[in-house]
Amino acid sequence: MLKKGRGRVIPMDELAKRLEVTFIDADVKEKDRTSIRKFISTLKKKDIETYEHSVRIALIGARMARVLGIDPKPMVFAGTLHDIGKTMIPDSVLKKKVAYGPEDRKVMSKHVEYSHSILKEIHPFSAEVALYHHFFQKNPYPTTFPRSLLGKSPKQQARFYALLLSFADHYDAATTRTNSKRGQRLSPAGARKNLVKEFPQFRKMIMSLYDRDAFNEAMPFHPMKSILLNPRVVMRIRNKRGKLAVYAKPKFGLARRKLIQIK
Ligand SMILES: [Fe+2]
Ligand SMILES: [Fe+2]
């Protein structure tokens, strides 16, 4: 049986800092920031990996929204809060170190309803997004839904954000965790392929988000796309033979500079 290993791609402190920057960028009000911080500190106490995952989803989600030209704020809320229901999942399942069996999956799938019920009074839009964040995948859940508190149009918007969130969710899981189905953690390109397999009807949107660098927001270990889109970190240095070498360094400074071209 394959062990469930998870890698941390960005240190926790760095993630927390990036979340604060994203709060500012997405114009999240101080009152809401406090509320989100409170929720995710509960998550952090329960399970650090779920906390880190949630922050990464907020970062990737906000970036995806910007790429698509929609408001990133709901992704910051729903990204950080979508798995808050996992605080109600017993540790024996949530922190299980071996692959899940059908019974574990059943227990785990309850987290979307728990997230919804925890959030519905305080953040009703995020509650709706959380409820649907596993609904668009190949094995969707839940199968029955509580009545929505939202009107027709906000409800549709929430479903769209839930779809985006599920892209981010799958991508993050594929690049940071091993599992029994697909094996080792995947490279960004592998995760993109995997994502298209899971959501074939949204291939075009996924490809466009990927090509426009949306998924790399929380991925310092594969910096090339970010680098190429961010000329400030590209350095042109003449080497000893007089050739022009173009080096690039990832945005967030966690990897060494890398030679990308010699002219
Ligand atoms: Fe989830
Ligand atoms: Fe998640």
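Here are some notes on this predicted model, going from the whole chain down to a few helices and one residue.

1. Overall make-up. The protein chain is built from 12 helices and three strands. Of its 263 residues, 35% are buried. If you take the contacts with a separation of 6 or more, 64% of them join residues that sit 24 or more positions apart.

2. H1 against H3. Helix H1, residues 12–25, packs on H3 at an angle of about 40°, and the two axes are 10 Å apart. Angles under 35 degrees would count as roughly parallel and 65 to 115 as roughly perpendicular, so this pair is classed as oblique. The crossing of H1 past H3 is left-handed. On the H1 side, the contact uses Met12, Leu15, Arg18, Leu19 and Thr22, while H3 brings in Glu52, Val55, Arg56, Ala58, Leu59 and Ala62. Sorted by type, the residues of this contact come out as seven nonpolar, one polar and three charged.

3. Ile57, also on H3. If you want one residue to click on, try Ile57, which lies in helix H3. Is Ile57 buried or exposed? Ile57 is buried, because it has 31 C-beta neighbours inside 10 Å, and the cut-off for that label is 20 or more. Leaving aside residues up to four places away in sequence, Ile57 touches Gly79, His82, Leu165, Ala168, Asp169 and Asp172. There is also a long-range pairing to look at: Phe215 is 158 residues away from Ile57 along the chain, yet their C-alpha atoms are separated by 9.5 Å.

4. The two sides of H11. Helix H11 covers residues 203–211, and its buried residues are Ile206, Leu209 and Tyr210. Why do these three end up on the same side of H11? They do so because the arc they cover around the axis is only 100°. Turn to the other side of H11 and you find Lys204, Ser208 and Asp211, which are exposed.

5. What sits over H11, and what comes after. The cover for the buried residues of H11 includes three helices: H3 (48–68), H9 (152–176) and H10 (188–198). H3 therefore turns up twice in these notes, since it is part of that cover and also the packing partner of H1. Following H11 comes Asp213, and if you check its backbone you will see a positive phi, near 70°.

Methods: Residues are numbered from 1 along each chain as its sequence is written. Chains are lettered from A and ligands numbered from 1 in the order in which they are written. This is a predicted model: local features need pLDDT of at least 70, side-chain atom pairs count only at pLDDT 80 or more; totals for chains, interfaces and linings use all residues. A residue is buried if 20 or more other C-beta atoms lie within 10 Å of its own, exposed if 12 or fewer, and partly exposed in between; C-beta atoms are placed from the backbone. Helices (H or I, at least four residues) and strands (E, at least two) are DSSP runs, numbered from the N terminus. The arc is that of the directions from the helix axis to the C-beta atoms. Two residues are in contact if their C-beta atoms, placed from the backbone, lie within 7 Å. Axes are lines fitted to C-alpha atoms, for helices over the stretch in contact, and angles run from 0 to 180 degrees between N-to-C directions. Angles under 35 degrees count as roughly parallel, over 145 as roughly antiparallel, 65 to 115 as roughly perpendicular and the rest as oblique. A crossing is left-handed if the near helix is turned anticlockwise from the far one by less than a right angle, and right-handed if clockwise. Ala, Val, Leu, Ile, Met, Phe, Trp, Tyr, Cys and Pro count as nonpolar, Asp, Glu, Lys and Arg as charged, and the others, Gly among them, as polar.
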